[in-house]
Amino acid sequence: MHIDSTRLRELRTAKRWSQEQLAELSGLNLRTIQRLETGAKVSTESLRALAAVFEVPAETLLVRDPRFRPNAPSQAVLDAMLEGVVRGLDFTGISPRPAFWWFMLAVVMVLGVGEAFAELLGPFPARLVGLIVLLPWIAASCRRLRDAGLSPWWTLIALAPVGGILILLWLWTFPSKAAETPEEAKAF
């Protein structure tokens, strides 16, 4: 079980306690308090000690969704890759720059696996994987260009020999253009 590090920090600062004071009052080690405030796993004994010090039910100190861990960078990466797969054929809307690049990493890894199987089974697996990721790649490119304030039609520049893909790579690095409303972002 994971402790809600944000809630723990808020409770501590509301009482104007330092981490050292909380460690002393709860009977826990200072290093344990520091780890718990970064979202580490909590033992039942530590949870009970903190709940007693703050005079709150122990359940209120735990993260609500067991799949979600605050301060876990890997969760954001996996979410970005999953969003790219789920929105694979969605050419509307936008894809923020970090989410786009994480999805592109997933595409490169899938293509690499296809190439590895091609070494064993011939060229068919690599070609099949390439066809499978083609449309999601184009859709993600269109959403990323739209997020950068550019026309999605710039994706077609990848068809130009050699320089086309380099220009497209450069366009993908443009910063996001903040839309004033979510409706405007979708209509962009």
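Me: How many cavities of 30 Å³ or more come out of the count?

Reply: The count comes to one cavity of 30 Å³ or more. A cavity is a set of points on a 1 Å grid over the protein atoms alone where a 1.4 Å probe fits but cannot get out. The model is predicted: local features need pLDDT of at least 70 and side-chain atom pairs pLDDT 80 or more, while totals for chains, interfaces and linings use all residues. Residues are numbered from 1 along each chain as its sequence is written, and side-chain values use heavy atoms, with hydrogens and water left out.

Me: What volume does the largest cavity have, and which residues line the largest cavity?

Reply: Its volume is about 40 Å³, taken as the space filled by probe spheres set on the points. The lining (residues with an atom within 4 Å of a point) consists of Ala80, Glu83, Gly84, Ser95, Ala99, Phe100, Phe103, Ala140 and Arg143. Two or more of these residues come from each of α5 (73-86), α6 (97-121) and α7. By class, the lining has five nonpolar, two polar and two charged residues; Asp, Glu, Lys and Arg count as charged, Ala, Val, Leu, Ile, Met, Phe, Trp, Tyr, Cys and Pro as nonpolar, and the others, Gly among them, as polar.

Me: What makes α6 roughly antiparallel to α7?

Reply: The axes of α6 and α7 come within 9 Å and cross at roughly 170°. Because angles over 145 degrees count as roughly antiparallel, α6 is roughly antiparallel to α7. The contact has 16 nonpolar, three polar and four charged residues. Among the residues that meet are Phe100, Phe103 and Arg97 in α6 and Trp137, Ala140 and Asp147 in α7; contact means heavy atoms within 4.5 Å.

Me: Why is α7 called oblique to α8?

Reply: Helix α7 (residues 124-147) and helix α8 (residues 163-172) have axes that come within 9 Å and cross at roughly 50°. This angle lies outside the other classes (under 35 degrees roughly parallel, 65 to 115 roughly perpendicular), so the rest, oblique, applies, and α7 is oblique to α8. The crossing is left-handed. Trp137, Ser141, Arg144 and Leu145 in α7 meet Ile165, Leu168, Leu171 and Trp172 in α8, giving six nonpolar, one polar and one charged residues.

Me: How do you know that α2 is roughly perpendicular to α4?

Reply: Helix α2 (residues 19-26) and helix α4 (residues 44-54) pack at about 105°, with axes 9 Å apart. The angle falls in the perpendicular class, and therefore α2 is roughly perpendicular to α4. Leu22, Leu25 and Ser26 in α2 meet Ala49, Leu50, Val53 and Phe54 in α4. Six of these contact residues are nonpolar, one is polar and none is charged.

Me: Which residues line the largest pocket?

Reply: Trp137, Ile138, Cys142, Pro152, Trp153, Thr155, Leu156, Ala158 and Leu159 line the largest pocket. A pocket is an open set with protein on both sides within 12 Å along at least five of seven lines. About 200 Å³ of space lies in the largest pocket, and its lining has eight nonpolar, one polar and no charged residues.

How values were computed: Axes fitted to C-alpha atoms, helices over the stretch in contact; angles between N-to-C directions. Helix = DSSP H or I, 4+ residues; strand = E, 2+ residues; numbered from the N terminus. Left-handed = near helix turned anticlockwise from the far one by under 90°.
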